[in-house]
Every structure is written in structure tokens, then in C-alpha cells.
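Let's take a walk through this structure together, starting on the inside and working outwards. Have a look around first, then read on.

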Amino acid sequence: MSEQTAARSAQRRRGSAIWWVVLLVGVAYFTVPLVATLQFSLRTKVPFAAYTNVLQDPVFWSRLGYSAMCAVCTIVLSVALVVPTAYWVRLKVPRLRPVVEFITLLPFVIPPVVLVFGLIRVYSGNPIPLVATDLGSTALLVAAYVVLSLPYMYRAVDTGLRSIDSQSLTEAAQSLGAGWPTIILRVILPNVRGAVLSGAFLTFAIVMGEFTIANFLFRPAFGPYLSLLGNSKTYEPAAVSLISFGLTWVAMAMIAIVGRQSRGRVSAVGVR
Amino acid sequence: MTAVTATATTQDAPDARPGSRRSWAWLGILPFLVFSGLFLLLPISFLVIGSFVDRSGSLTLQNYADLSRPDIVLAFRTTIEVSLVSALAGTFVGFLMAYAVILAGLPKWLRAPLVTFAGVASNFAGVPLALAFIFTLGQLGLVTLFLRDTFGIYLYQQGFSLYTQVGLELVYVYFQLPLMILIIAPAIDGLKRDWREAAENLGASPRQYWRYVALPILMPSLMGAAILLFGNAFGAQATAYQLTGGTIPILAVKIGAQISGDVLRNVGLGYAMAMGMVLVMGVAIGCYIVLQRKAERWSR
């Protein structure tokens, strides 16, 4: 080892102490608010009262259930819309790809508050007064969530399609007598399952915590519930915030698991 | 076969059955077009048209001229400031953290948990995030009380408040930083060890390596990330709403107030504000896409 290299490795060791500090400061910034929320939720006189109060509150469960229901509807609708479209664009109408990509990119550019502003203005009056009824407002909420999910759902599915030979799969299925619904449901969808599932869990995480659109549509969703709770109670909001964080955590963990599995599956099949 | 030449660049398989059916193939994406038309394009068109119409229904540019009202200029300025400060802080610290676990020689196993946590934290925004910071740095927050009881420093007597622009920026960094880690990690992966070794063998100091090799390569990624973070903060509404109500003039909160009632006393002005927001976001995302393409050159 030359003197120069020895000096360099000593310098690197000193350097790595600085990097530890950088990392620990960052990790502290991430964890302290979570610890503080946990500690705040436990400040009640009766231990765990914040949690028992929340978990015994039927309103909590109904809001949570409402948002979960919206999330499921959003995922189903989004998959039903995106998978056939992405498949069809790849297979039959690649010249329309720029149009579809532009549309799926728009929700990045349109902030949710602007989207809901437009939706309310369009659907509050004739000819389609969706905002006037509960069911109509919920339908509008789900539609807005589907719009929010388009960018990453489309990208995930399109990437998934790239790794399979959809052309050959389609021709094989057709020569066996399959129709379009069969091809999409039983050939294409199972092959992009990993991409669809990670898109679905991300949608779940986003819908469960969404506030802006649900609030302006006056929907009994989880986000507005937590917001109201935060203004009216002391310890319960801390408990519900942590539950909300836990839901996001579960969704992300599922994405990680699905991602590992689907990578393994794709390489096992070996289709390029 | 003009269609085939047009699609040759998109590296896709040519149409399986060209000819008479080709002209009807676009019908396959009709459901998608109808849906996005009804719930994305129509609402936006409504706002676009509305922004050019005055109360009597005739065409006007007055709504855009009204954007120069002091309160609206202030809202644009504050929102841009908050987005810029939180984006730069997120870019800088996020890059350092990602670099620390990827290339700086810290143990390799640190990376996976950090990236997983970044995935969760970047989605932990809005109402629960605002509340979490109130429990941390509010008047009765854990850190506030800790500093008061241990060091005798009461932040709220030192001029600090969570419910100010600085406080809001501090909160925004919480979802900016992890997003930065997620998007910059692949770019740092792309910094090849060979380049560093080549530079060192040619006698370059670490500073020279960064100045002439690493930073120029990373620059498009860093700038693209900073711009994406800017847009990420610019469109946010829930966090600011929950934290400050409306005391800090954030555009999204102001538009929200306009949805609930005609606070601007002029609907057209609300539409013009929304268009202003979309314009800023459009420029940001456009720049991001261009820079992203530039950055991809190095990963090939």
C-alpha cells in the first residue's frame, strides 16, 4: 500500500464519521415527530385512553370504512381503466401513446385543490348534478381518486407490459380461441400482477389519507375526520395520526413484498 | 404504410392486423378517453374558460389582470417561497442522506430500511403530518417541553412558532426529504466507481473529483429532483390548511376558501388563480421531464 493510498483511506475513515452524523440527524428528524405523537397519545390520565376512546367510537370505524370502501372502488376502477388501455396502446395504437401519456401525466400538473374546484363547478349544476346527492358526491370522489391514481398506475402497468411479450401472448391466446375479455383478464392481467398490486397499494395509501378532495365534497372520509378531531380533541388525534401512519406503513410494506415477488417471477419466466 | 413509419420510433411491435381495421383500433381506448374527458379535461376546461369570462358572461382578460392584487401577489410569493425553501432543503439533505448510505462507505444494510422508510414518509403528508408536528413543536409539543424543562429554553419566547412560514417550511421538509432520497438514489447508483478511480489515478483531489466529474454528471438529476420537490410542495393543501388554517397565504388554501365561498368576491379571479397554479406546476413538471431525459443519458 503506497503512502498516498494510506493517507486516502485514513481520510475516508474520518469522512465516514461525518456521514454517520448526517444520517443520524436525518433519521432523528424522521423519527422525533413520530415519537412525539406516540408520547402525546399516551399522556392521558387513564393509560391508553386515547386509543380505547377512538377504537370504541363508531364514527371512527364508519369513517375508516368509508375511506376503505372508496379505496377499493378506486383501485378496481383504475385497474379496469388502465390495464386494457395500456395494453391496447402497446399492441394496436402506439401512435396514440403520446396522447395517453400526456393525459396520465396531467394529474401531476393539476393540484388536487384545482381538480376538485373544477369538478364541483362542472357537476354542481345541470345537466349532471352529481354533487346534489350523497351517492353522486361519492361517485365524484371515487372518480377524482381514479384521476389521481392515473399517473403511477399507468406507469406501473406500462412498465409491467414492457417486460412481457404481449404480442406473442395475444396471438397464442387468439389461436386458442380466446376473445378480448379473456385475453385481458386471464392472460395480460396475471402477467402484470406485480405492477397492478404495487399501484393498488399506493392508491390505497393515498386514498386513506386524502383530505382536500373529500373535504370539499363534504364526504365522511377518514382525512376530514382526523382534521376535525385535531381541532376538537387533545389526545385522540395523536392516536388516530399514528393509526393513519400505520396504514401507510402496511401499504408500503405490501408494495415491497409484491415488488420482490414479481421481480423473482419475471426472471423465473425469463420472458423479455 | 405511413402508420408503421410513424410508430417505428416507439419501439413497439407493428399492428398485428393493419388495413381496414386500423382506423377503428383507437376505439379500444375510448373508455379511458371518455373517463379522463369527463373527470379531468372537462373540469379543467371549465376553469380555463371561466378564467376568461367576466360576471356578465363576456370575454375578458380582467381576471388575469386582477392577479396583481396585493393579497394574491403575496399568496403567489409566499407559496413559491415555501416551496422553494422546502425543496432546496429537501434536495440538499436528502442527497447527503442518500449518498451516505450508498457511496460514502457506511454499512450496505442501512440502505434498504432507509429507502423503505422514505417510501412511507413521503406518503405521510397532510393532516396527520401537521398534527405530528404540533405534538412535536407546538406550544405543548415534546421537543418544546423538553427544551424548556432541560435547558430552560422556551421556543415560543424566543420568537419561534410552528404556525409561521418557517414552521410550515420545516413541516414540508418532512415529505420533501424522503421523496428526494427515493428519486436521487438511482442517480447516485449511476455514479460508477471507475470514474472516481480514474480521477484519482489522474491525480484529482476529492474536491476536484466532485467539481469536475461527479457534480456535472449529477447536476441534471439534482436539478430535476429539486424542481419535482418544488411542484410537490406547490400543490399541497392539506398540511398548510391543518397547520395554519389560513393565516399564512398559501395559494392552495386560498383556492380552497374560494371553493367554500366567494371569498375573493369574484369567481373569475378564483379561476385565474387556479390557472396560475396550473401554469407554475406545468412549467415545473415540464422542466423535470426535460432534465430527467438528460440525466438518463448517464445511466445507459
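This is a predicted model, and a good place to start is its largest nonpolar core, which has 175 residues. The residues with the most contacts inside that core are A:Val114, A:Leu115, A:Ile213, B:Phe39 and B:Tyr174. Helix H3 of chain A, residues 58–91, gives the core its largest share, with 15 residues.

Let's stay with that helix for a moment. H3(A) is 34 residues in length, and from first C-alpha to last it reaches 49 Å, close to the 50 Å expected at 1.5 Å a residue. Look at its start, too: there, a side-chain oxygen of A:Asp57 comes to within 3.0 Å of the backbone nitrogen of A:Val59.

Now back to one of the core residues, B:Phe39. What does B:Phe39 touch? Its partners include A:Leu115, A:Leu119 and A:Tyr123, along with A:Leu130, A:Leu140, A:Ala143 and A:Val147.

That brings us to where the chains meet. Chain B puts 87 residues into the contact, and chain A puts in 84. Between them the two chains bury about 7,600 Å², with 77% of it on carbon and sulfur atoms. On the chain B side, B:Phe32, B:Phe135 and B:Ile259 lose the most area to chain A, together 10% of what that side buries.

Finally, how confident is the predictor? The model as a whole scores ipTM 0.87 and pTM 0.88. Chain B averages a pLDDT of 87, and 91% of the residues score at least 70. Residues 1–19 of chain B, though, stay under 50 in pLDDT; for this stretch the model has 23 contacts beyond four places in sequence.

Definitions and conventions: Residues numbered from 1 in each chain as written. Chains lettered and ligands numbered in written order. Predicted model: local features only at pLDDT ≥ 70, side-chain atom pairs only at ≥ 80, totals over all residues. Heavy atoms only, no water. Core = buried A, V, L, I, M, F, W, Y, C linked by side-chain atoms within 4.5 Å. Buried < 20%, exposed > 50% of the residue type's maximum accessible area, 1.4 Å probe, protein only. Helix = DSSP H or I, 4+ residues; strand = E, 2+ residues; numbered from the N terminus. Contact = heavy atoms within 4.5 Å. Expected span 1.5 Å × (residues − 1). Polar contact = N/O pair within 3.5 Å; in protein donor to acceptor, adjacent residues only side chain to side chain. pLDDT = per-residue confidence, 0-100. Buried area = accessible area lost by both parts, 1.4 Å probe.
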